[in-house]
Amino acid sequence: MTAALASPIPAQSPVRSAGAPSDTVRELQARIGALQATKLDVRTIPTHPAIAGLLPDGGLRQGAAYSVQRSATLLMALLAAPSAAGAWCGVVGVPEFGIEAAAHHGVDLERLVLVPRPGDQWMTVTAALADIMGVVVTRPPARASEASVSRLAARLRQRGTTMLVLGPWPQGEAMFSLDEGHWHGIGQGHGHLAAREVTVTVTTRTAGRPRSARMWLPAGDSTIERIATSPTRLAATG
């Protein structure tokens, strides 16, 4: 949904005429973005509670694209909530996507469409699925042209489809990244991996600074949880 902005920049606010044009552009983008956040009807889709607090709107926006670092568990977490709420999901160009793991994380397989190897037609397939799916996951095998990216972005906005891109994306609303990963469960040379502790960071186009949270991804029971305080190391098992 679009809406006209009555006065994006107050008349009394001076605009720098020289010195730092890039700073001026960023300042204008921030002002317009803040006004849009209050003027436009922002629609979001369900998001995992552990992740929602990292996003400015408390969820993923309809009609927007997000870049996701290559983490299968994080991807499943992002798909599970909208899938459980009834959204159809499509996955393009990810042949290793596991349906058993997806089902385990809560993705409804009855409303899941997989196109493992689209080849050079990945953009065409992604755009076609964007016409009918609520959420589309895609992994570009090559860099897309600016014109193709813009056309796909327009289609996402028109259809209200959310796109998750594995890897960088030039017009992404935000980027999810993981770092400082640490597995728990292996003791003195024995046991098995039980849980992974990571930092999930979301960097958005409009927020001033990235937001991060420490999480179990996954926890010992294969769920995803926020770590509120310093975690106690899990004892070795097996």
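Q: Which residue follows α6, and what is its phi near?
A: Keep in mind that this is a predicted model. Right after α6 comes Gly160. Its phi is positive, near 70 degrees.

Q: What distance should helix α6 span, end to end?
A: The helix covers residues 146-159, which makes 14 residues. Counting 1.5 Å a residue, you'd expect a span that agrees with the distance between its end C-alpha atoms. Both come to 20 Å.

Q: Which residues of α6 are buried?
A: Buried here means under 20% relative accessible area. In α6, the residues that meet this cut-off are Ser148, Val149, Leu152, Ala153 and Leu156.

Q: Within what arc do the buried residues of α6 fall, seen down its axis?
A: An α-helix has 3.6 residues a turn, so residues three or four places apart point the same way. The buried residues of α6 line one face of the helix, because their arc, seen down the axis, is within 135 degrees.

Q: Which residues are exposed on the other side of α6?
A: Exposed takes over 50% relative accessible area. Opposite the buried residues, the exposed ones are Glu146, Arg151, Arg157 and Gln158.

Q: What covers the buried residues of α6?
A: The cover includes two strands, β3 (65-68) and β7 (162-166). A helix is also part of that cover, namely α5 (122-130).

Q: How much of the protein do buried residues make up?
A: Zooming out, the protein has six helices and eleven strands. It holds 238 residues, and the buried share of them is 40%.

Definitions and conventions: Residues numbered from 1 in each chain as written. Predicted model: local features only at pLDDT ≥ 70, side-chain atom pairs only at ≥ 80, totals over all residues. Heavy atoms only, no water. Helix = DSSP H or I, 4+ residues; strand = E, 2+ residues; numbered from the N terminus. Expected span 1.5 Å × (residues − 1). Buried < 20%, exposed > 50% of the residue type's maximum accessible area, 1.4 Å probe, protein only. Arc of directions from axis to C-beta. Contact = heavy atoms within 4.5 Å.
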